[in-house]
Structures are given as C-alpha cells and as structure tokens.
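Biologist: Got a minute to walk me through this one? Put it up and I'll ask as we go.

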Amino acid sequence: MKKMKILASTGLCLLLAGTVHSQNSDLQYFRSWNKNGINVFEPSKTDEQPEFTGLKLRIGAGFSQELQSLTHSNTPVYVPESQTNPINKNLLYGTSATDSTEATLRGFNTAMANLYIDAQLADGIRVSVESYMSSRHHNEFWVKGGYIQLDKLPMFGNPEWFSKYLRLKLGHFQPNFGDMQFRRTDGGNSMFNPFVENYILDAFTTEIGGELYAFPMKGLMLMAGMTGGTLHGNIDNSQAKPAPFTFDKTETKPAFLGKIAYDNTTNDFRYRLSLSAYHNAGSPNQTLYYGDRAGSHYFMVMEQNRSTIRVDGIDVGIGQSTYRNNKDSGRYLPVFNSKVSTFMANAFLKYKGIEGFFTYESASGRSWFEPGDANRNWSQIGAELVYRFLANEQCFVGGRYVSASGRPIFGQSDVSIDRIAVSAGWFPLDYLMIKAEYVTQTYNDFSAFNHENNGKFSGFVLQAAVGF
C-alpha cells in the first residue's frame, strides 16, 4: 500500500508537470539545484527576474553515490556493554571480538536521493517542497519540509516598498543560520560542496516558523526569524521524558534567529561577510546540531562495534551499530537538546577562480538529563581554499581544515577534533559532478573510557553526484 501511494503521488506530479504552461528553471528568486547554484546564498532582490507568465512547476532531484576506503583506529580500553553482555563496547565498527584496534571500511555506501518540487504560483510568490527518496538514516520516502516565499504582494497591488526591500518565508524549512548551510551536502544533494562531508559540528535542522528579510541597499541583507524550536510540530507546553528521565520536563519555547550579511563584487573580486545567531531557551528535543536525518557520507567511521543481546526475548544491549542507527559518523554531537545559544561568523572571498571560505562558530547549551543548570561550550573554526579552473570552472581542487573543541556531556575536561581534507572534482555537465577526497581526522584528549580515545580515521572517498 505504501509503495502504491508513492507511485500514485509521483504519477500525479508528472501529470501536473505536463499540464502547466512551463516546466523549466525560470523561477523567480530561486537557487538552482545544479552547478549554477554554487556560491549562491540568499536569492538576490536586485537581480533581474524572469517575467511571470502563469503557473510554473519544476521537478528536480539530487543523487549521490560514494565509494569509500576509510581506516579507523583507537585505544579500546575494556568497558563491557552491559552486565549481561561482556563485549567491549569501546571496540570500533568492523574490528574483531578481541581487542583489535584498527579496521578498514571499504565499499559502496548507500546511495542517497532527494526530490524537489518548486512552483511559481504568482508574480513574486514561490513554494518549495523538498523530500528524501533514499537516505542513510531513513529507508522510507519522506518529506523534509516545505515553505512559501513571498517577494511580492500581487494580491495587494504589488506595493513597491515590499517588492524592492522585503521578503517573507513561512513554513517548515531549514533556518537561515550561518553560511556553511549553502555549501553543505544534504542527503543526495552534494553539488554545492567541494568536499564529501560537512563540518564536524554540523548546524542543520528543519523547524516550523517564519523569517522576515530586509534588503535596504544593494548587497546588504538583514533577517529576523522565529520558529517552534523543534524538528516536529509540538503543541504541548511541556513533555515528559521516557523513563528514567521523567523527573525532568522541559517547557517548549520558541527559537529566535537573526542574520546580517553584506555581499559585494568589485571588478573580479567578490566578498561576502555574514554574522548569524540562534537562541532556544528550552525545548524537549532541540536538534540544531543533530537534525540531519539523512546522515553523514562517511559511513561508520569511529562508531562503536555495538551489538544487541537478547535474554528471554528482551534486548539488554545498548543498541546495534548500523548505518541507520549511527547516522552521524565523523561528526560530533554536542548534545544540546534542551537549550542552545550559538553564533557563527563567515567570510567568503573569490578572485577569479580562487575562492576562500572561513567559519568561526561558538555554541553553548545543555541536555535535559544533565545534572545542574550549567551550560557546556563548544567552538569550531573552518578554513577552505578552492581553485576552480578550465572553461566555466569545470574543474576544481581544494583543501579544508576544520577543528572543533569543547566539553563533552558528563565530561570533566575539554576535548578537540581536527580534520584535514583535500579534494579534486570535475563537472562534465552542469548537472553532473565527480569528485575524490582524501581525509584524515584525529580525536584528542578523550577519556580512556571513551571509544574515541586516541581515535583517528583516514582514507579516500570517491563521489558521483547528479543535480537538476
């Protein structure tokens, strides 16, 4: 029945595509899903827009497939999974049942695929629905989110003060926090990222709310927004936690965010500077730093070799290690799921084919099951240098350095994680990309009782992607 519903929905979309006046990419205030969307941030209000001639529907997609060969290792101090399961939970995925310290994870990763439905409803009014057709964390077809974007108000005679200076975005969407989101890989969409993976702290989620944009002058953008503070809709004032955490109820409070950005080009030199802030004072499940339900494109690196042991038909282990359960491989989750305050500064510089992208991020927060009221702090810096060359910048080479440091949950001292990645890529078509990456990542100062103690992974990943 589920498959029939999916087929029926897909057929309906294709039928609609054939009945509307146009099935093309000439949508207003729109970022293309192919190579043309690279280094595009918020759609401009000053660029010339296509003329609205009637309802337009566009169906697009993004596909990514990787072949990886990554080797990870650690110092596996013995810690049993449970009283009934003597297996050392500090062994890494792919290692043997003894104290093996290293394993190579080689093979094809699960292919990921996104579906995009974008429609121009009226002059200056556009809607977008984004879905995952295949992903690492979810096996089923599911909707990521959807929103309506208003750049004009034709129902009120298109007042000039709104058309020239304002934009309103409403729905269930990714909050516009930071500029790294415009370069990150999102499930099957990896066209905008010159590397295979995202940052170690990956600020990404979807929430229900609205954002109001102001464009007071060319190149300057101001944004203020408010969301419900949770990934899913939630009408409860407070929410009890599963046992044994029912003693702590967290009131659901809205999240507030803001952003200022300036983007300018002088001759062949383009620069963009942005500052972003996000604050949620209370949430039963705040997901800003683990809201990517599609998952990482480094499969199972630095994951525990966990198993599930059944006694009298009851699971007594801590959960089996699988692609689905361990979706954030290579990233770090600071576990700020009760409250979070974070700030990000970004700089983008481009001179002809040379571009640099720089990030500084500082976050504080806590989980609802931590004792006391004190927040923990994490920070992250990132630097990328990419050179794009040949006609239409068809090829590129790049290097990235990322370092994240902070206090783990229940930790007594700060730890740090460092990553270096180098990549090279080619766009045979604007809709097709092939890239290869070598990456090495180290884990520093983690407790001897943590599976990330003296952890490291390195190796190669080859990725092919389609976006249209």
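Biologist: Which residues form a nonpolar patch on the surface?
Modeller: Leu222, Ile260, Leu275, Phe343, Tyr360, Ile381, Tyr401 and Ile420 do. Together they have about 680 Å² of accessible area. Areas come from the Shrake-Rupley method with a 1.4 Å probe, and for residues only the protein chains shown count as cover. Patch members have over 30% relative accessible area and no salt bridge; like charges are joined within 9 Å, nonpolar side chains (Val, Leu, Ile, Met, Phe, Trp, Tyr) within 5 Å.

Biologist: Before I go on, what are the ground rules?
Modeller: This is a predicted model: local features need pLDDT of at least 70, side-chain atom pairs count only at pLDDT 80 or more, and totals for chains, interfaces and linings use all residues. Residues are numbered from 1 along each chain as its sequence is written, and side-chain values use heavy atoms, with hydrogens and water left out.

Biologist: Back to the patch. Where is phenylalanine 343?
Modeller: In strand β17, residues 339-351. Helices (H or I, at least four residues) and strands (E, at least two) are DSSP runs, numbered from the N terminus. Phenylalanine 343 counts as partly exposed because its relative accessibility is 33%. The cut-offs: buried is under 20% relative accessible area, exposed is over 50%, partly exposed is in between (1.4 Å probe, protein chains only).

Biologist: How many helices and strands does the protein have?
Modeller: Two helices and 23 strands. The protein has 468 residues, and 51% of them are buried. Its accessible surface comes to about 20,700 Å², with 60% belonging to carbon and sulfur atoms.

Biologist: Now the inside. Which residues of the largest nonpolar core touch the most other members?
Modeller: Tyr278, Tyr289, Tyr298, Tyr332, Trp378 and Phe457, out of 57 residues in that core. Strand β21 (residues 415-429) gives the largest share of this core, four residues. Another core lies apart from it, with six residues, among them Met112, Tyr132, Phe204 and Ala294. A nonpolar core here is a set of buried Ala, Val, Leu, Ile, Met, Phe, Trp, Tyr and Cys residues joined through side-chain atoms within 4.5 Å.

Biologist: Any polar residue in there worth a look? What about glutamine 286, buried or exposed?
Modeller: Glutamine 286 is buried, because its relative accessible area is 1%. It is found in the loop between β14 (269-280) and β15 (310-311).

Biologist: Which residues is glutamine 286 in contact with?
Modeller: Leaving aside neighbours within four places in sequence, Glu207, Gly229, Tyr278, Asn280, Phe336, Asn337, Ser338 and Val340. Contact means heavy atoms within 4.5 Å. A polar contact of 3.3 Å joins the side chains of glutamine 286 and tyrosine 278. A polar atom of the glutamine 286 side chain also lies 3.1 Å from the backbone oxygen of glycine 229. Polar contacts are pairs of N or O atoms within 3.5 Å; within protein, one must be able to donate a hydrogen and the other to accept it, and residues adjacent in sequence count only if both atoms are side-chain atoms.

Biologist: Switching to charges. How many salt bridges does the structure hold?
Modeller: It holds 28. A salt bridge is a side-chain nitrogen of Lys or Arg within 4 Å of a carboxyl oxygen of Asp or Glu.

Biologist: Give me a long-range one. Where do glutamate 384 and arginine 183 lie?
Modeller: Their side chains meet in a salt bridge, 2.9 Å from N to O. Glutamate 384 lies in strand β19 (residues 376-389) and arginine 183 in the loop between β8 and β9 (207-217), so the pair ties together parts 201 residues apart in sequence. Glutamate 384 is buried at 1% relative accessibility, and arginine 183 is buried at 3%.

Biologist: And lysine 144?
Modeller: The lysine 144 side chain meets that of glutamate 130 in a salt bridge, 2.9 Å from N to O. Lysine 144 is in strand β7 (residues 142-150) and glutamate 130 in strand β6 (residues 125-134). Both are buried. They also belong to a network of salt bridges whose members include Arg184, Asp186 and Glu197.

Biologist: Last one. What does glycine 188 touch?
Modeller: Not counting residues up to four places away in sequence, Gly62, Phe63, Ser64, Met112, Ala113, Asn114 and Val466. Glycine 188 sits in the loop between β8 and β9. Its C-alpha is 7.6 Å from that of alanine 465, 277 residues apart along the chain.
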